[in-house]
Amino acid sequence: ADAVEVRDSRLIFQNGDRGELATDLERLALTDFKAWEPELPGRFELAARVNDIQLYWSGEATPFAENITLVIDSRIEGMDIPKMVRFSGPLGLDRREGTYHAQLRHTLSLPGSGGVEGHTSGNIEIDGVDYARSGVFELSLEKATVQLDMSYALTNSGNRVLKGAVALDLGPNRTAVAEKTRFAAAAGRV
């Protein structure tokens, strides 16, 4: 068959005693993945809720080729720390508010000769952050946008390469470190 589709399924991954990752798979569609034509990319579409974080992925991959490639257009909606720590376990935060939405494009190449090369670009929107760990730090941020355009690689010899640009647009924010160092700004760009 040239197409496989899975709908309305649930997968649960346990992280020892720390937590679980509950994936409610709305739809996973795989088309045109042909081992007998390894250089031609197959297409995929995924819509799922992972610990109540909405995830949409679409793209193409050549998993049977000598040089494996993967291109993912991803959209993540409604990610926050309480949803993430259901899997990782507690982070020791007294306050942990904030929502993240991301629209990113990822490309990944695994050459047959070894190593990994990748590129990620897109935006992450952050709303209503309020994190604190008593006596250690506080961070409050009304709104921010992170713009990424990053390339990365791991060579056969074990060298790691990271290059590109990251821009951070900040709305009103406050930060405190160890209850003695404080910083506040109405807006900023890093």
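A salt bridge is a side-chain nitrogen of Lys or Arg within 4 Å of a carboxyl oxygen of Asp or Glu. With that in mind, welcome to this structure, which is a predicted model. It holds 12 salt bridges, and a few of them are introduced here.

Let us start with Glu 45 and Arg 27. These two residues form a salt bridge whose closest N and O atoms lie 2.8 Å apart. The pair links distant parts of the chain, since Glu 45 sits in strand 3 (residues 42-50) and Arg 27 in strand 2 (residues 19-31), 18 residues apart. Both residues also belong to a network of salt bridges, in which Glu 5, Arg 7, Arg 27 and Glu 45 are linked.

Next come Asp 73 and Arg 105, whose side chains meet in a salt bridge at 2.6 Å, N to O. This pair, too, links distant parts of the chain: Asp 73 belongs to strand 5 (residues 68-79) and Arg 105 to strand 6 (residues 95-110), with their positions 32 residues apart in numbering.

A further salt bridge joins the side chains of Arg 49 and Asp 52, at 4.0 Å from N to O.

Are these residues buried or exposed? The table gives the relative accessible area of each.

| Residue | Relative accessible area | Class |
|---|---|---|
| Glu 45 | 41% | partly exposed |
| Arg 27 | 25% | partly exposed |
| Arg 49 | 30% | partly exposed |
| Asp 52 | 39% | partly exposed |
| Asp 73 | 33% | partly exposed |
| Arg 105 | 37% | partly exposed |

Take Arg 27 as an example: its 25% is not under 20%, so Arg 27 does not count as buried.

Terms used. Residues numbered from 1 in each chain as written. Predicted model: local features only at pLDDT ≥ 70, side-chain atom pairs only at ≥ 80, totals over all residues. Heavy atoms only, no water. Helix = DSSP H or I, 4+ residues; strand = E, 2+ residues; numbered from the N terminus. Buried < 20%, exposed > 50% of the residue type's maximum accessible area, 1.4 Å probe, protein only.
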